[in-house]
Amino acid sequence: MATLSLDLRERIVKAYDQGEGTQPEIARRFDVSLGMVKKLLLQRRKTGCIKARHHRAGRKKTIVAEHRIAIRQQNRTMPMPTLHKT
């Protein structure tokens, strides 16, 4: 699914603010989903911004900075395992 342009986002919010229809009516008018209209209004209410937020999408990091520090410390104190033939 393509990201909505900032211009379209602004027109959706403006139409809602000016009372040009309910959320479902605005969704039909601009040919977007009702969920998108709701999401856009919620995002504006929470952050004050309606720009796309793709940098927040996707899988969250499993190993964070604290984990990396702990792993490095452990690697310094413990010898690396090696394979020996006997």
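Is Gln-43 buried or exposed? In this predicted model, Gln-43 has a relative accessible area of 7% and is therefore buried, the cut-off for that class being under 20%. The residue belongs to helix H3. Setting aside neighbours within four places in sequence, Gln-43 makes contact with Arg-9, Gly-48, Cys-49, Ile-50, Lys-51 and Arg-53. One name in that list, Arg-9, is taken up again below.

The overall architecture gives this residue its setting. The secondary structure of the protein chain consists of four helices and zero strands, and read from the N terminus the elements follow the order α-α-α-α. The chain has 86 residues, of which 20% are buried. Among contacts with a separation of 6 or more, 44% are made by residues 24 or more positions apart. The chain exposes about 7600 Å², and 55% of this area is supplied by carbon and sulfur atoms.

A second buried position in helix H3 is Val-37. With a relative accessibility of 1%, Val-37 falls under the 20% limit and so counts as buried. Its contacts, leaving aside neighbours within four places in sequence, are Ile-12, Gln-23, Ala-27 and Val-32. Of these, Ala-27 lies within the residue range 23–30 of helix H2, as does Gln-23. Ile-12 falls within the range 6–17 of helix H1. Val-37 can also be placed relative to Tyr-16: the two are 21 residues apart in sequence, and their C-alpha atoms are 9.1 Å apart in space.

Arg-9 brings the discussion to helix H1, where this residue is located. Arg-9 is buried and yet has no salt bridge. The nearest side chain of opposite charge is that of Glu-10, at 9.2 Å, whereas a salt bridge requires a side-chain nitrogen and a carboxyl oxygen within 4 Å. What does Arg-9 touch, not counting residues up to four places away in sequence? The list comprises Thr-3, Leu-4, Met-36, Leu-40, Gln-43, Ile-50, Lys-51 and Ala-52. Gln-43, Ile-50 and Lys-51 are thus named among the contacts of Arg-9, and the contacts of Gln-43 likewise include Arg-9, Ile-50 and Lys-51.

Other charged side chains do form pairs, and the count comes to three salt bridges. In one of them, the side chains of Arg-11 and Asp-7 meet with an N to O distance of 3.2 Å. Arg-11 and Asp-7 are separated by about one helical turn, because they stand four residues apart in helix H1 (residues 6–17). Both partners are partly exposed: Arg-11 has a relative accessibility of 42%, and Asp-7 has a value of 44%.

Another salt bridge joins Asp-17 to Arg-44, with the closest N and O atoms 2.6 Å apart. This pair links distant parts of the chain, since Asp-17 is in helix H1 and Arg-44 is in helix H3, 27 residues apart. Asp-17 is partly exposed, with a relative accessible area of 47%, and Arg-44 is also partly exposed, at 28% relative accessibility. The remaining salt bridge is formed by Arg-29 and Glu-20, whose closest N and O atoms are 2.5 Å apart. Here Glu-20 is partly exposed, with a relative accessible area of 40%.

Between helix H2 (23–30) and helix H3 there is a loop, and Asp-31 is placed in it. The backbone of Asp-31 has a phi near 55°, a positive value in a residue other than glycine. The relative accessibility of Asp-31 is 70%, which means that the residue counts as exposed, the threshold being over 50%.

The surface also carries a patch of positive charge, in which Lys-39, Arg-45, Lys-46 and Arg-53 gather. Lys-46 is found in helix H3, which spans residues 34–47. Why does Lys-46 count as exposed? Its relative accessible area is 68%, and exposure is assigned over 50%. Helix H3 therefore holds buried Gln-43 as well as exposed Lys-46. Arg-53, another member of the patch, is also one of the residues in contact with Gln-43.

Technical notes:
Residues numbered from 1 in each chain as written. Predicted model: local features only at pLDDT ≥ 70, side-chain atom pairs only at ≥ 80, totals over all residues. Heavy atoms only, no water. Patch = residues over 30% accessible without salt bridge, like charges linked within 9 Å, V, L, I, M, F, W, Y side chains within 5 Å. Areas by Shrake-Rupley, 256 points an atom, 1.4 Å probe, with all protein chains shown as cover. Lys, Arg positive; Asp, Glu negative; His and termini not counted. Charge placed at Lys NZ, Arg CZ, Asp CG, Glu CD. Helix = DSSP H or I, 4+ residues; strand = E, 2+ residues; numbered from the N terminus. Buried < 20%, exposed > 50% of the residue type's maximum accessible area, 1.4 Å probe, protein only. Contact = heavy atoms within 4.5 Å.
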